[in-house]
Amino acid sequence: MTRLLRGHPSIKVELDDGHVVAIAWADRREPVEVCNRWRVEESWWREPIARDYFKVVGEHWLALIYFDRLAGSWHLERLYD
């Protein structure tokens, strides 16, 4: 099962040499490994979206996170059970 999170809450992401190594959300920090990544750019004619997506796995989480390249912020979009 998957939980799509409303509002895509902001998260803290730790990087090592430009690579995602941990995420922190809801007072919990989890070392993670990136399983997959991709870039989305769309809607340039109205409200543009420019995001780098990462599917990450840790000991307790499998999550979909993204870096909003326009706002310069990290967000949690989805948690998988």
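## Exercises on an all-strand chain

Read along the sequence, this predicted model follows the pattern β-β-β-β-β-β-β.

**Exercise 1.** Determine how the radius of gyration of the chain stands against the globule rule for 81 residues.

*Solution.* Begin with the secondary structure, which comprises 7 strands and 0 helices. The radius of gyration is 13 Å, and since the globule rule gives 12 Å for 81 residues, a value close to it, the chain is as compact as a globular protein of that length. Along the principal axes, the C-alpha atoms fill a box of roughly 40 × 30 × 20 Å. As to burial, 35% of the 81 residues count as buried, a label that requires under 20% relative accessible area.

**Exercise 2.** Identify the residues with the most contacts inside the largest nonpolar core, and the elements that give two or more residues to this core.

*Solution.* The largest nonpolar core has 14 residues, and those with the most contacts inside it are V20, I23, V56 and I65. Two or more residues come from each of β3 (19–25), β5 (49–58), β6 (62–68) and β7 (73–80), with β7 supplying the largest share, 3 residues. In general, nonpolar side chains tend to be buried together in soluble globular proteins.

**Exercise 3.** List the contacts of I23, leaving aside its neighbours within four places in sequence.

*Solution.* Taking contact as heavy atoms within 4.5 Å, one finds on the earlier side of the sequence I11, K12 and V13. The remaining partners of I23 are R28, R29, E30, V32, V56, W61 and I65. Of these partners, V56 and I65 are also among the residues with the most contacts inside the core.

Conventions:
Residues numbered from 1 in each chain as written. Predicted model: local features only at pLDDT ≥ 70, side-chain atom pairs only at ≥ 80, totals over all residues. Heavy atoms only, no water. Helix = DSSP H or I, 4+ residues; strand = E, 2+ residues; numbered from the N terminus. Rg over C-alpha atoms; globule rule 2.2 N^0.38 Å. Buried < 20%, exposed > 50% of the residue type's maximum accessible area, 1.4 Å probe, protein only. Core = buried A, V, L, I, M, F, W, Y, C linked by side-chain atoms within 4.5 Å.
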